[in-house]
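Visitor: I have a model open and want to learn how to read it. Where do we start?
Guide: Bring it up on screen, and we will go feature by feature.

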Amino acid sequence: MSDATLDALYQEVILDHNRRPRNFHPMPAASCSADGKNPSCGDQLTIWVRVDGDQVAELSFQGVGCAISKASASLLTEAVKGKTRTEAIALYETMHRVLTGTETDAAVLKGLGPLRALSGVSKFPMRVKCASLAWHAFKAALDGAGTVSTESVAPTPAS
């Protein structure tokens, strides 16, 4: 596939997850949750996680934000469900590198499946915080932090 074809496909994945976000609802029986805020764009969300033993059994989110923010949260809920805590944290760390442009290994990117659609965000520094918000909120929920702001946790994009 050409780069143009892949870019179009990835753009469609993001638009689809923005229009029809997966797991977009509160979760009353959550084990943990966190609120995430991105003051630079106005994105706000809550992410709920239900952990069963060492496994992330279920995730959901709700909030308002731009298309990138909502699509990233939707993709996260699908990608992390069923993973162990260790696998979920490893994916969080990989996505952190992808979103900031420090992960460029083609095999790693290919292995991300639909999450690869977010890899282009690193080219737009103002959107890195939008795409990373849900990921930081997810990690904050697992860590019991309760609230996270991209102003205090968002990484600097790669030059």
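Visitor: What share of the contacts in the protein chain with a separation of 6 or more comes from residues 24 or more positions apart?
Guide: Keep in mind that this is a predicted model. Residues 24 or more positions apart account for 60% of those contacts.

Visitor: Which elements does the protein chain have, and in what order do they run?
Guide: The protein chain has six helices and four strands. From the N terminus on, the order is α-β-β-β-α-α-α-α-β-α.

Visitor: How much of the protein chain is buried?
Guide: Buried residues make up 42% of the 159 residues.

Visitor: How many residues are in the largest nonpolar core?
Guide: The general idea first. In soluble globular proteins, nonpolar side chains tend to be buried together. Here the largest nonpolar core has 41 residues. Ile47, Val80, Trp135 and Phe138 have the most contacts inside it.

Visitor: Which elements each supply at least two residues of this core?
Guide: Strand 1 (32–38), strand 2 (43–52) and strand 3 do, along with helix 2, helix 3 and helix 5. Helix 5 gives the most to this core, with 11 residues.

Visitor: Which residues does Trp135 touch?
Guide: Set aside residues up to four places away in sequence. Trp135 then touches Ser72, Leu76, Val80, Leu91, Tyr92, Met95, Leu99, Leu115 and Leu118.

Visitor: Leu118 is on that list. Where does Leu118 lie?
Guide: Leu118 lies in the loop between helix 4 and helix 5. Buried means under 20% relative accessible area. Leu118 has 0%, so it is buried. Its contacts, again not counting residues up to four places away, are Ile14, Ser72, Leu75, Met95, Leu99 and Trp135. Leu118 and Val128 are 10 residues apart in sequence, and their C-alpha atoms are 9.5 Å apart.

Visitor: Now helices. Why does the length of helix 2 agree with what one should expect?
Guide: Count 1.5 Å a residue. The 14 residues of helix 2 should then span 20 Å, and the end C-alpha atoms are 20 Å apart, so the two agree. Helix 3 (residues 85–100) passes this check as well: its 16 residues should span 22 Å, and its end C-alpha atoms are 23 Å apart, which agrees.

Visitor: Is helix 2 mostly covered or mostly uncovered?
Guide: Start with the general rule. An α-helix has 3.6 residues a turn, so residues three or four places apart point the same way. Helix 2 is mostly covered, with 10 of its 14 residues buried. Those buried residues include Ile68, Ser72, Leu75, Leu76 and Val80.

Visitor: How do the axes of helix 2 and helix 5 meet: how close do they come, and at what angle do they cross?
Guide: The axes come within 8 Å and cross at roughly 35 degrees. The crossing is right-handed. From helix 2, the contact uses Ile68, Ser69, Ser72, Ala73, Leu76 and Val80. From helix 5, it uses Arg127, Cys130, Ala131, Leu133, Ala134, Trp135 and Phe138. By class, this contact has 10 nonpolar, two polar and one charged residues.

Visitor: What do the buried residues of helix 3 pack against?
Guide: They pack against strand 3 (55–64), helix 2 (67–80), helix 4 (106–110) and helix 5 (125–143). Among these buried residues are Leu91, Tyr92, Met95 and Leu99. Trp135 touches those four residues too.

Visitor: What happens just after helix 2 and helix 3?
Guide: Look for a positive phi. Gly82, just after helix 2, has one of about 90 degrees. Gly101, just after helix 3, has one of about 80 degrees.

Visitor: Which residue has a positive phi although it is not a glycine?
Guide: Asn23 is such a residue, with a phi of about 60 degrees. Asn23 sits in the loop between helix 1 (3–19) and strand 1. At 27% relative accessible area, Asn23 is partly exposed.

Visitor: Pro28 is also in the loop between helix 1 and strand 1. Is Pro28 buried or exposed?
Guide: Exposed means over 50%. Pro28 has 85% relative accessibility, so it counts as exposed. The C-alpha atoms of Pro28 and Trp48 are 8.5 Å apart, with their positions 20 residues apart along the chain.

Visitor: One last residue. Which residues is Cys32 in contact with?
Guide: Cys32 is found in strand 1. Leaving aside neighbours within four places in sequence, Cys32 is in contact with Ile47, Trp48, Val49, Ala141 and Leu142. Cys32 and Leu142 are 110 residues apart along the chain, yet their C-alpha atoms are separated by 6.6 Å. Cys32 has a relative accessible area of 19%, so it is buried.

Notes
Residues numbered from 1 in each chain as written. Predicted model: local features only at pLDDT ≥ 70, side-chain atom pairs only at ≥ 80, totals over all residues. Heavy atoms only, no water. Expected span 1.5 Å × (residues − 1). Buried < 20%, exposed > 50% of the residue type's maximum accessible area, 1.4 Å probe, protein only. Contact = heavy atoms within 4.5 Å. Core = buried A, V, L, I, M, F, W, Y, C linked by side-chain atoms within 4.5 Å. Axes fitted to C-alpha atoms, helices over the stretch in contact; angles between N-to-C directions. Left-handed = near helix turned anticlockwise from the far one by under 90°. Nonpolar A, V, L, I, M, F, W, Y, C, P; charged D, E, K, R; others polar.
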